[in-house]
Amino acid sequence: MTLARRIIPCLDVREGRVVKGTRFRDHRDMGDIVELATRYATEGADELVFYDITASPQGRGVDVNWVTRVARAIDIPFCVAGGIRTVDQARAVLHAGADKISVNTPATRRPELVTELAEAFGVQCVVVGVDSLRDEDGVWRIRQLTGDPDATRALSVTTLDWVRQVQEHGAGEVVLNCMGSDGVRQGYDLEQLAAVRTVCGVPLVASGGAGAPEHFVDVFRDADVDGALAATVFHSGAIPLPALKRTLADAGVEVRLTPDMAA
Amino acid sequence: MSGPRVALVDGGGTNIGSVSYALERLGATARLTSDPADILAADRVLLPGVGAAGVGMRRLRELGLDEVLHQVQAPLLGVCLGMQLLLDHTEEDGGVQGLGLISGQVRAIPAAPGLRVPHMGWNALTGLVQDPILAGIEEGERAYFVHCYAAPPGPHTVASATHGAPLSAVIRSGLRWGAQFHPERSASVGARLLRNFVVEVAR
């Protein structure tokens with residue numbers, strides 16, 4: 001037995017509540033953050049990502065009160081994304097009990113931020129989120145400010161070059177959000193993830209496109225990612241975590257089964 | 001209310017919040033401290049640590065806590081970097097002398113094709129040796145690891161994990177233990193190990 005592939009539910013947080021929107025708009029309240037986090041932890045999630053959707057577009061830092069509440073309640077690792085632009089903001093989130101912090105747009109503006117975070121907290125704490133889309137010339141390039149569709153900008157750096165760069169700067173993990181497949185629920189972008197895998201020596205997490213249990217099997221088997229992130233399919237109950245873990249284990253993917261799944 | 005008093009040694013790490021919350025969930029009283037008297041009076045002493053070995057050791061020395069940790073008679077547990085610092089030496093940061101409380105070396109996890117560093121995620125505990133800190137934990141159960149350096153298995157290893165090569169997951173010498181994984185983030189397996197440390201291990 002060796003390292004398990006990770007299943008990572010992602011929760012959007014606004015003002016301490018979990019919300020769900022359609023393409024970042026019309027947010028609907030999904031419930032109390034601690035309640036949902038505890039449910040996922042109990043059901044066998046390997047890790048959670050909380051994306052603070054109020055913090056980033058409005059230029060605010062993360063409100064650490066809810067981070068503390070989550071840290072007190074759950075006993076699996078979690079990462080906080082959104083609104084972290086400085087070492088001090090990252091420190092506040094980590095001291096509140098988060099295990100990792102994730103930066104995206106701020107890293108595209110100032111890649112040295114990744115180095116500063118890695119030097120302050122160790123590479124294992126530093127996740128870089130990458131929003132990527134295939135351009136008309138067939139090349140994948142990164143986007144910034146994706147939290148607000150009106151503000152989103154395409155950058156000239158290719159996704160593969162960017163993933164190489166952030167590792168040199170000290171990223172300990174890369175979350176690749178394939179924007180072309182995001183929200184469509186037709187499966188992860190296996191071609192893009194497999195391409196990024198070849199240049200990514202740190203753990204790689206797939207994001208965008210999960211719609212069915214087989215999509216998780218495919219992404220682990222064909223793109224060799226270390227983790228798969230999804231939101232809607234978990235929040236809606238379309239894919240229960242225990243059943244997903246069983247499907248993966250039956251397909252020969254190494255996963256963590258909790259005692260109640262083993263039966 | 002009269003649960004065991006656990007001193008969390010304040011070495012400047014960042015996972016102190018999660019460790020103290022995990023102890024609270026077990027009914028222990030956890031207190032973050034760098035006061036030698038506090039540390040020496042505690043029923044249990046826990047050395048957490050996230051970050052780099054060089055900074056971590058320098059801070060312990062500046063506060064005089066390296067000497068204090070040598071004087072601790074109560075059960076002592078180092079977690080992650082805290083475990084690595086209990087050993088003699090680590091390759092991290094160009095080479096750093098550890099506390100030497102348990103004999104052993106810490107080395108960089110060697111790069112290999114297909115092997116991701118950091119070693120991050122849930123890995124199986126294997127080669128379990130009977131030890132009070134492992135009571136109730138079964139061979140093959142998974143714990144959450146996140147690290148770039150590791151101690152190869154040696155005479156003090158009581159549980160291992162494999163990431164490319166085998167590594168020490170739990171070590172023990174006398175009343176000193178170390179866990180390379182994060183018990184505070186390892187669901188029921190981690191809670192069991194912390195509970196064993198707080199309740200089961202003999203004083």
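**Helix crossings and strand pairing in chains A and B**

Helices H1 (residues 33–43) and H2 (residues 64–73) of chain A cross at roughly 35 degrees, and their axes come within 10 Å. The model is predicted. The crossing of H1(A) and H2(A) is right-handed. H1(A) contributes Ile33(A), Val34(A), Ala37(A) and Thr38(A) to the contact. H2(A) supplies Trp66(A), Arg69(A), Val70(A) and Ala73(A). By class, six residues of this contact are nonpolar, one is polar and one is charged. An α-helix has 3.6 residues a turn, so residues three or four places apart point the same way. Ile33(A) and Ala37(A) are both among the H1(A) residues in the contact. Trp66(A), Arg69(A) and Ala73(A) are among those of H2(A).

A second helix pair in chain A involves H7 (residues 190–197) and H8 (residues 213–223). Their axes come within 9 Å and cross at roughly 35 degrees. H7(A) passes H8(A) in a right-handed crossing. On the H7(A) side, the contact residues are Leu190(A), Leu193(A), Ala194(A) and Arg197(A). They meet Asp218(A), Val219(A), Asp222(A) and Ala223(A) of H8(A). Here five residues are nonpolar, none is polar and three are charged.

H8(A) also belongs to a β-α-β unit. The unit is right-handed and consists of strand E11 (residues 204–207), H8(A) and strand E12 (residues 227–230) of chain A. E11(A) and E12(A) pair in the parallel sense over three bridges. Within this pairing, Ser207(A) has Leu229(A) of E12(A) as its bridge partner. E12(A) also runs parallel to strand E1 (residues 6–14) of chain A, and four bridges join the two. Gly227(A) of E12(A) stands opposite Arg6(A).

Both faces of E12(A) are covered. Gly227(A) and Leu229(A) lie on one side, and both are buried. Ala228(A) and Ala230(A), on the other side, are buried as well. Two of these residues also appear in the pairings: Gly227(A) opposite Arg6(A), and Leu229(A) as partner of Ser207(A).

In chain B, helix H1 (residues 16–25) is mostly covered, with seven of its 10 residues buried. The buried residues are Ile16(B), Gly17(B), Ser18(B), Val19(B), Ser20(B), Ala22(B) and Leu23(B). Gly27(B) follows H1(B). The phi of Gly27(B) is positive, near 85 degrees.

Definitions and conventions: Residues are numbered from 1 along each chain as its sequence is written. Chains are lettered from A and ligands numbered from 1 in the order in which they are written. This is a predicted model: local features need pLDDT of at least 70, side-chain atom pairs count only at pLDDT 80 or more; totals for chains, interfaces and linings use all residues. A residue is buried if 20 or more other C-beta atoms lie within 10 Å of its own, exposed if 12 or fewer, and partly exposed in between; C-beta atoms are placed from the backbone. Axes are lines fitted to C-alpha atoms, for helices over the stretch in contact, and angles run from 0 to 180 degrees between N-to-C directions. A crossing is left-handed if the near helix is turned anticlockwise from the far one by less than a right angle, and right-handed if clockwise. Two residues are in contact if their C-beta atoms, placed from the backbone, lie within 7 Å. Ala, Val, Leu, Ile, Met, Phe, Trp, Tyr, Cys and Pro count as nonpolar, Asp, Glu, Lys and Arg as charged, and the others, Gly among them, as polar. Two strands pair if DSSP finds at least two bridges between them. A crossover is right-handed if, with the strands pointing away from the viewer, the path from the first strand over the helix to the second runs clockwise.
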